[in-house]
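Trainee: I would like to learn how to read strands, burial and backbone angles in a model. Please take me through one.

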Amino acid sequence: MRLSSWMFLPLLAIVFLALIGFHSVHASAPKGTLLVANKGDNSLGLMDVAAGKQVAEVAEDGVTGHEVIASSDGKLAYVPIYGNSGVGMPGTDGSNMVVIDLASRKVVGNVDFGKGVRPHCPLFGPKNGLLYVSTELEKAIAIIDPSTLQIIGSVPTGQEQSHMFTITRDGHRAYTANVGPGTVSVLDLDARKVLDIIPVSGQVQRISLSVDDKLVFTSDVTKPQLAIIDTATKKIKTWIAMPGLGYGSAPTQDGKWLVIALPLVNKVAAIDLKTMQVAHTIDVPTKPQEVLIAPDGKTAYVSCDQSAKVAVINIADWTVKGMIDDGKGVDGLAWADSK
């Protein structure tokens with residue numbers, strides 16, 4: 001049977017609209033490079049978010065980086081080499097951090113911690129420009145001068161398994177999520193000492209701060225709930241019930257929402273910080289890990305570990321507007337500005 005040409009028009013229209021939609025999703029992306037720690041490939045992935053694809057993978061020369069941070073000028077990436085295990089599990093103990101030049105896509109520097117410390121989370125001080133890296137087996141956060149790559153000090157956390165941490169906008173305080181002990185340490189970065197240790201649960205994971213630094217968020221991983229800690233009182237203010245155990249989270253720039261990964265149910269939740277309730281859930285690929293809010297505040301990027309993808313979520317309507325194929329075991333995310 002012959003088909004008239006007009007019968008193909010609806011199909012052509014659908015294809016055309018799909019292409020237009022794909023272009024509009026990525027054309028509105030902010031300028032810069034999304035950095036992704038590909039744990040399974042022992043590499044750092046460089047994502048062109050405007051094109052919606054990974055454009056390079058840089059070998060880390062180690063096993064393996066879980067987290068990454070970029071320099072303020074967007075030229076360098078810092079990747080601590082954690083080891084081949086999960087937190088608190090048997091395995092190798094990483095002892096260094098590599099520095100990657102994003103233009104040449106090569107390792108150009110190294111920080112040697114001198115022994116196995118399982119370095120994990122890297123963050124820059126917002127005021128002093130120093131690089132802070134959690135050194136889990138030392139129960140501390142190392143302080144590194146990025147200009148010399150020398151370790152110039154450390155801040156004790158007073159607890160085991162200080163896996164992730166967050167720093168206040170003024171750079172004076174840090175809060176660590178101590179996984180196995182189920183606590184949060186409050187640190188004075190200037191005096192380099194522990195101010196307080198806050199009991200939360202039998203086990204916690206990941207940590208973030210509200211944009212006004214008044215609240216700390218960490219997930220209870222013994223039950224599906226989120227602890228909200230008041231930074232003024234250093235006590236739990238309230239709990240938020242969630243549809244699954246929480247993991248990485250990040251507040252939106254307007255301070256209205258907390259976006260959090262729920263890896264065991266393959267969802268991302270948007271928590272209304274006014275009502276302190278989950279207001280939206282979004283289906284994403286298998287095992288979402290970490291959340292990064294784009295510099296323009298319009299998009300949330302979510303690394304999805306077992307699917308080798310990064311989900312691109314539109315914050316305006318809480319829909320998935322795209323997927324970016326990545327390497328194996330995607331985890332830590334960072335943004336490198338395009339200057």
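Mentor: Begin with strand 18, where both faces are covered. On one side sit Q225, A227 and I229, on the other L226, I228 and D230, and all are buried. This is a predicted model: local features need pLDDT of at least 70, side-chain atom pairs count only at pLDDT 80 or more, and totals for chains, interfaces and linings use all residues. Residues are numbered from 1 along each chain as its sequence is written, and side-chain values use heavy atoms, with hydrogens and water left out.

Trainee: What do "buried" and "strand" mean here?

Mentor: Buried means under 20% relative accessible area, exposed over 50%, and partly exposed in between (1.4 Å probe, protein chains only). Strands (E, at least two residues) and helices (H or I, at least four) are DSSP runs, numbered from the N terminus. Strand 18 covers residues 225-230, and six of its six residues are buried, so it is largely enclosed by the rest of the structure.

Trainee: Which strands pair with strand 18?

Mentor: Two strands pair if DSSP finds at least two bridges between them. Strand 17 (residues 215-220) runs antiparallel to strand 18, joined by six bridges. Strand 19 (residues 235-241) also pairs with strand 18 in the antiparallel sense, over six bridges. Follow I228 across: its bridge partner in strand 17 is F217, and in strand 19 it is T238.

Trainee: How many residues separate strand 18 from strand 17, and from strand 19?

Mentor: Strands 17 and 18 form a hairpin with four residues between them. Strands 18 and 19 form another hairpin, again with four residues between them. In the turn of that second hairpin, K234 has a positive phi of about 60°.

Trainee: Where else should I look for a positive phi at a residue that is not a glycine?

Mentor: Look at D61, with a positive phi of about 60°. D61 lies in the loop between strand 3 and strand 4, and at 66% relative accessibility it counts as exposed. K287 also has a positive phi of about 60°. Its place is in the loop between strand 23 (277-283) and strand 24 (288-293). At 25% relative accessibility, K287 counts as partly exposed.

Trainee: Which peptide bond is cis, and what is its omega?

Mentor: The bond from V63 to T64, with omega near -15°. T64 lies in the loop between strand 3 (53-59) and strand 4.

Trainee: In what order do the strands of the open sheet run?

Mentor: Four strands form it, in the order 4-5-6-7, with antiparallel pairing. Strand 4 (69-70) and strand 7 (106-112) stand at the edges, each with a single partner strand, so one side of each is left without a neighbour in the sheet.

Trainee: How many bridges join strand 5 to strand 4, and to strand 6?

Mentor: Two bridges join strand 4 to strand 5, which run antiparallel. These two strands form a hairpin with five residues between them, and G74 in the turn has a positive phi of about 75°. Strand 5 (residues 76-81) is joined to strand 6 (residues 96-101) by six bridges, also antiparallel. A77 links both pairings: A70 stands opposite A77, and in strand 6 the bridge partner of A77 is I100. P80 stands opposite M97 in strand 6. Strand 5 is mostly covered, with five of its six residues buried.

Trainee: Which residues does T135 touch?

Mentor: Contact means heavy atoms within 4.5 Å. Not counting residues up to four places away in sequence, T135 touches F113, V117, R118, P119, A140, I141 and A142. T135 is in strand 9 (residues 131-135). At 0% relative accessibility, it counts as buried.

Trainee: Now the whole protein. How many helices and strands are there?

Mentor: One helix and 28 strands. The radius of gyration is 20 Å, close to the 20 Å that the globule rule gives for 339 residues, so the protein is as compact as a globular protein of that length. That radius is taken over C-alpha atoms, and the rule is 2.2 Å times the number of residues to the power 0.38. Along its principal axes the C-alpha trace spans about 80 × 45 × 35 Å. Buried residues make up 53% of the 339.
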